[in-house]
Amino acid sequence: MPTVERPPLRKPEKTFYFKTSEHLLRIGREKATTLEELLKALRECPDSSIFQHTFRTLQEHHFIRQGFSNDFAHWSLSACHEPILAEQLASVDVREFTDIAGVRGRMVEIVEEFLQEHPRSTARAAHEPFYFCAADLVVLPTPFAPDTLPDFVDALRQVSLHSIHHHFIEARLRLKRMSNDFSNWLEQEVGLRDTASAIERIDIYTNTLEGVRQQIARIVGQALN
Amino acid sequence: MKSERNRAPSPDQPQASKTLTVVEPPASRPAAAPVRPGRELPSSVLTPPVPPPPPHLDDYESIIGAAQVEALRFLAADVKGKTVKMVNSTAVGGGVAEMLNRLVPLLSELEVPTHWEVITGGNDFFEVTKAFHNALHGTEYELTKNAQEIFLMYNEQNLQRMQFEEEVVVIHDPQPAALIRAKERSKAKWVWRCHIDLSNPNPSVWEFLRPCIEKYDAAIFSSQSFARQLPIPQYLFYPCIDPLSEKNKELDDSVIQKVCDEFGIDRSRPIVTQVSRFDRLKDPVGVIAAYKLAKKYVDCQLVLAGGGAKDDPEGSVVLQEVKEAAGNDPDIIILDLPPWCALEINAIQRASTLVVQKSLREGFGLTVTEAMWKGKPTIAGAVGGIPNQIIHKLTGVLVHSVEGCAFQIRYLLTHPEFARRIGMNGREQVKENFLMTTNVKRWLLLFRILSGSKPSPIPT
């Protein structure tokens, strides 16, 4: 069988600077004891609260492979015993949004529609309140700054999972486009368009963050071989 | 007195269930004879061990990874040299002192010089603050003018005695809260770290303290539900455990075996354990009832390991109730341990197949954290801070009744793969959110924010 010769990999023009983000939890003013109050608070709470309970909670629960999506879905099930609403809220994939307004809008829409169809659920008291929190974020450098693909894979294996979350999940809010820092760099600096899009397709809701890291490393490793 | 702990039970004769406790002179025992007499504890636990030196930051690398330790160093570099004073009301005993014993050296190692001072007061002061503590937890209490004066007078005495030259002053709990009056003469940022549940405080005590609290620059609570509406920023710092402490460090199997042998725990059969002081709010009698229901279907032993019965009159009454509920079941092992038995508790938790914490009320529930850290499938009451730790069926199991607890014991003992998975998730939950190193990170982030570094609310 003749082998197809692939063009040599391009050396990246720019270094990939691995960063990480840490956060401090602030207790917010909003609190919901019914789904009606949840809807009101979802409309009025600061963006940082929506971010905390959707994007950020994924980092706090990065080790769960399935069954946890966001805090609103979790509360709808555990405190309100509304499995339909919980499933609908859990189906919201934060990676389909490039801003918080979009995530908020989708959550509000789901709760609104649910309450229209299930008016008796509107004011039923939850087993426990939902307390809105918010994250104060601090982005930190790391010692990892690869400028070759093998070094990139090596660094990827060593950085913290917080760094993976920062570059892979939170990134689209910074980039304002449906991508992530890894795919962006691989496509723009190394010309690996297919690799970049394979990474972008990784499902974060059926993987732990460690699993995501390993998948990224494997996909980039395939491009190297 | 000879220990009976190593006596082999006769296979055809029921052996009285095991109760190990510090033996007291007969005269001090309750008049009503317990169902079973107390037995001697192994001599190895009768005196407190010498505490080991506190660990260094590098010692945590094998637990949280080099990258996380590096992140702590980066964070600390931004606040390097910033001076901090921590103030609380006791140097030994209690969770706050235990936490400060580890936190202060770690912050200092990160070049954030941190000083810890303890306020002083007479018996009258501590009687008032104890009453305040209970009242803030919701107990009925009549706040008198005299109690207010005692509280303020001792705070004023401490205020005159202490210097506040540091850049950040952290006041722990209500006892020293009125030291905030020194804020006018200091340049520091003042933080109130409240370790207690303020979700349903006695209104008179809370309204008395509120003007003090509102003068702080920030407040910290252990759970969202413990916070109050205040005009200052409120942060959430979960309580934490130290993975390198005697209570939580890794143990050789030989140590675990030795402790089990000493206490008569059979490791060849399933072990269900609850670790808690003998207190009705921990529902030890409910745990026995759940165990008895479960035992109709599955073989297991029940270990109730705790303390507090010796120095707490109510504790000894509860211990008596527990013994009566246990009856003559040889598979119920009741251990009334002195407070320094951290290593023994560690070994018992590690030997356990399941850990139960069937509390009816709870603060944060650090015994749940400890069990989860050891990878144990944990069944716990859905109260206090426990739901912050246990996500039902993902990082443990939440229950609301004796029957629910019994069912989960049966289920987890007969579904070991599910039990293993929630145990592993529980450990990861603690690693991510409830370890001492995470707490150090929170303090560093807070110091950074207090020093004017503006954090970002969302990625930009």
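**Stop 1: the end of a helix in chain B**

Select B:Gly375, just after helix H11 of chain B, where phi is positive at about 75 degrees. Keep in mind throughout that this is a predicted model. Now step back into H11(B), residues 366–373. Is this helix enclosed or open? Eight of its eight residues are buried, so H11(B) is largely enclosed by the rest of the structure. Colour them if you like: B:Leu366, B:Thr367, B:Val368, B:Thr369, B:Glu370, B:Ala371, B:Met372 and B:Trp373 are buried.

**Stop 2: strand S8 of chain B**

Next, select residues 271–275 of chain B, which form strand S8. Five of the five are buried, so S8(B) too is largely enclosed by the rest of the structure. Show the side chains. B:Ile271, B:Thr273 and B:Val275 point one way, while B:Val272 and B:Gln274 point the other way. Both sets are buried.

Which strands pair with S8(B)? One is strand S9 of chain B, residues 301–306, which runs parallel to S8(B) and is joined to it by five bridges. Pick B:Gln274 and look across to S9(B): its bridge partner there is B:Leu304. Another is strand S11 of chain B, residues 354–357, also parallel, with two bridges. Here B:Thr273 has B:Val355 as its bridge partner.

Add helix H8 of chain B, residues 284–295, to the selection. Together S8(B), H8(B) and S9(B) form a β-α-β unit of right-handed sense.

**Stop 3: two helix pairs in chain B**

Keep H8(B) on screen and add helix H9 of chain B, residues 313–326. Their axes lie 9 Å apart and make an angle of about 10 degrees. H8(B) and H9(B) are therefore roughly parallel, since angles under 35 degrees count as such. On the H8(B) side, the contact uses B:Pro284, B:Val285 and B:Ile288. From H9(B) come B:Val318, B:Glu321, B:Val322, B:Ala325 and B:Ala326. By class, this contact has seven nonpolar residues, no polar ones and one charged.

Now switch to helix H7, residues 253–263, and helix H10, residues 342–351, both of chain B. At what angle do they pack? About 100 degrees, with the axes 9 Å apart. H7(B) and H10(B) are therefore roughly perpendicular, a term that covers 65 to 115 degrees. Select B:Val255, B:Ile256, B:Val259 and B:Cys260 in H7(B). They meet B:Glu344, B:Ala347, B:Ile348, B:Arg350 and B:Ala351 in H10(B). The tally for this contact is seven nonpolar, no polar and two charged.

**Stop 4: a loop residue**

Go to B:Thr144, in the loop between helix H4 (123–136) and helix H5 (145–161) of chain B. Is B:Thr144 buried or exposed? It counts as exposed because it has 12 C-beta neighbours inside 10 Å, and 12 or fewer is the cut-off. Select B:Ser204 as well. The two residues are 60 apart along the chain, yet their C-alpha atoms are separated by 9.6 Å.

**Stop 5: where the chains meet**

Bring chain A into view. How many residues of chain A are in contact with chain B? There are 35, and they touch 35 residues of chain B. On the chain A side, the elements giving two or more residues are strand S1 (19–32), helix H2 (47–60), strand S2 (130–141) and helix H8 (171–175). S2(A) supplies the largest share, eight residues. This side of chain A has 19 nonpolar, eight polar and eight charged residues.

Now zoom in on S1(A) and strand S7 of chain B, residues 234–236. They pair in the antiparallel sense over two bridges. A:Leu25 stands opposite B:Leu236.

**Stop 6: the sheet across both chains**

Select the whole sheet. It is open, has eight strands with mixed pairing, and is ordered S2(A)-S1(A)-S7(B)-S6(B)-S5(B)-S4(B)-S2(B)-S3(B). Its edge strands are S2(A) and S3(B), the latter spanning 114–118. On average, neighbouring strands are turned by 25 degrees against each other, direction ignored.

Within chain B, pick S2 (residues 84–88) and S4 (residues 168–172), which run parallel and are joined by four bridges. B:Val84 stands opposite B:Val168 there.

Finish with two helices. H2(A) lies across S1 and S2 of chain A, at about 80 degrees to S2(A). Helix H15 of chain B, residues 436–450, packs on the sheet and touches strands of both chains, including S1 and S2 of chain A and S7 of chain B. Its direction makes about 80 degrees with that of S1(A).

How values were computed: Residues numbered from 1 in each chain as written. Chains lettered and ligands numbered in written order. Predicted model: local features only at pLDDT ≥ 70, side-chain atom pairs only at ≥ 80, totals over all residues. Buried ≥ 20, exposed ≤ 12 C-beta atoms within 10 Å, placed from the backbone. Pairing = 2+ DSSP bridges. Right-handed = clockwise from strand over helix to strand, strands pointing away. Contact = placed C-beta atoms within 7 Å. Nonpolar A, V, L, I, M, F, W, Y, C, P; charged D, E, K, R; others polar. Axes fitted to C-alpha atoms, helices over the stretch in contact; angles between N-to-C directions. Parallel < 35°, antiparallel > 145°, perpendicular 65-115°, else oblique.
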